[in-house]
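Colleague: I would like to go through this structure and ask how each label is justified. Please set every value against its definition.

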Amino acid sequence: NALDVFMESIETKAAEPNEDLSKKAMPSWEDMPADDPVASYCELCDQNAAKGDENGEDDDEENMDRRRKPIEPLPRVNHDEIDYPEVEFGFYKPHPEIDLLTEEEVATLRKELRVTATGSNCPRPVVSFAHLRLPKELLEGIRKHGYSKPTPIQAQACPAGLSGRDVIGVAETGSGKTVAYLLPMLVHCAAQPELKKDEE
């Protein structure tokens, strides 16, 4: 068979030691082709560095390699000397319907929503966007987009976020986590004083 003969010849050649490869050394830096862009760039950098040493330009900040320039530490800030405006964090006041729930009813509601909450004094979950007492514009936007009630993650996380609490929410993709963080953020942003002229 011609194929078998061909394969045998290849195997024979492969088994023979290749003297050319053992004798051939790796090309040195000088043997690189002249048109190699990387080699040309490195040579140019070396030449410029040598010229800088000859002309004493190493101390010139404009010509100094930024990687060698030391990083200057930022000046310390004394926050006691700065008059910061008061920042409000508590935007949530429990709705009377939620406030009247017993602890057993709250536990039952969380079980129905399949929500667990850990932490100290976790706010109770809500069952309606109206219980969050959001600004009129936000409620109109929620209704306009066809949302009738908060998802489980929103029902528990929004009261905590509006209370200024740290929230870590774990839920499936598409469960409404983004809106659970977004609604308290929008309320917080809307409550800030308007920027005056020339303010940043």
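The exchange below takes the labels in turn.

Modeller: This is a predicted model, in which local features need pLDDT of at least 70 and side-chain atom pairs count only at pLDDT 80 or more, while totals for chains, interfaces and linings use all residues. Residues are numbered from 1 along each chain as its sequence is written, and side-chain values use heavy atoms, with hydrogens and water left out.

Colleague: What makes up the secondary structure of the protein?

Modeller: The protein has 8 helices and 0 strands. The helices (H or I, at least four residues) and strands (E, at least two) are DSSP runs, numbered from the N terminus. In order from that end, the elements read α-α-α-α-α-α-α-α.

Colleague: Why is Q154 called buried or exposed?

Modeller: Buried means under 20% relative accessible area, exposed over 50%, and partly exposed in between, with a 1.4 Å probe and protein chains only. Q154 has 6% relative accessibility, so Q154 counts as buried. Q154 sits in helix α7. Contact means heavy atoms within 4.5 Å. Beyond its neighbours within four places in sequence, Q154 is in contact with F129, P159, G176, V179 and A180.

Colleague: Why is H95 put in its class, buried or exposed?

Modeller: The relative accessible area of H95 is 19%, and therefore H95 is buried. H95 belongs to the loop between α3 (37-55) and α4 (96-99). Not counting residues up to four places away in sequence, H95 touches A130, H131 and R133.

Colleague: What makes T151 partly exposed?

Modeller: With a relative accessible area of 25%, T151 is partly exposed, because that class lies between the two cut-offs. T151 is in the loop between α6 and α7. Leaving out residues up to four places away in sequence, T151 touches S175 and G176. T151 and K177 are 26 residues apart in sequence, with 8.8 Å from C-alpha to C-alpha.

Colleague: Why does I168 get its label, buried or exposed?

Modeller: I168 has 81% relative accessibility, so I168 counts as exposed. I168 is found in the loop between α7 and α8. From I168 to A117 there are 51 residues in sequence and 9.9 Å in space, C-alpha to C-alpha.

Colleague: How do you know which residues touch the most other members of the largest nonpolar core?

Modeller: A nonpolar core is a set of buried Ala, Val, Leu, Ile, Met, Phe, Trp, Tyr and Cys residues joined through side-chain atoms within 4.5 Å. The largest such core has 15 residues, and V126, F129, L132, L134, L162, L183 and V187 touch the most other members. Two or more residues of this core come from each of α6 (136-144), α7 (152-162) and α8 (177-190). L162 is in contact with F89, G90, F91, Y92, L132, L134, P184 and V187, leaving aside its neighbours within four places in sequence.

Colleague: How much of the protein is buried?

Modeller: Buried residues make up 18% of the 200 residues in the protein.

Colleague: What share of the contacts in the protein with a separation of 6 or more joins residues 24 or more positions apart?

Modeller: Residues 24 or more positions apart account for 59% of those contacts.
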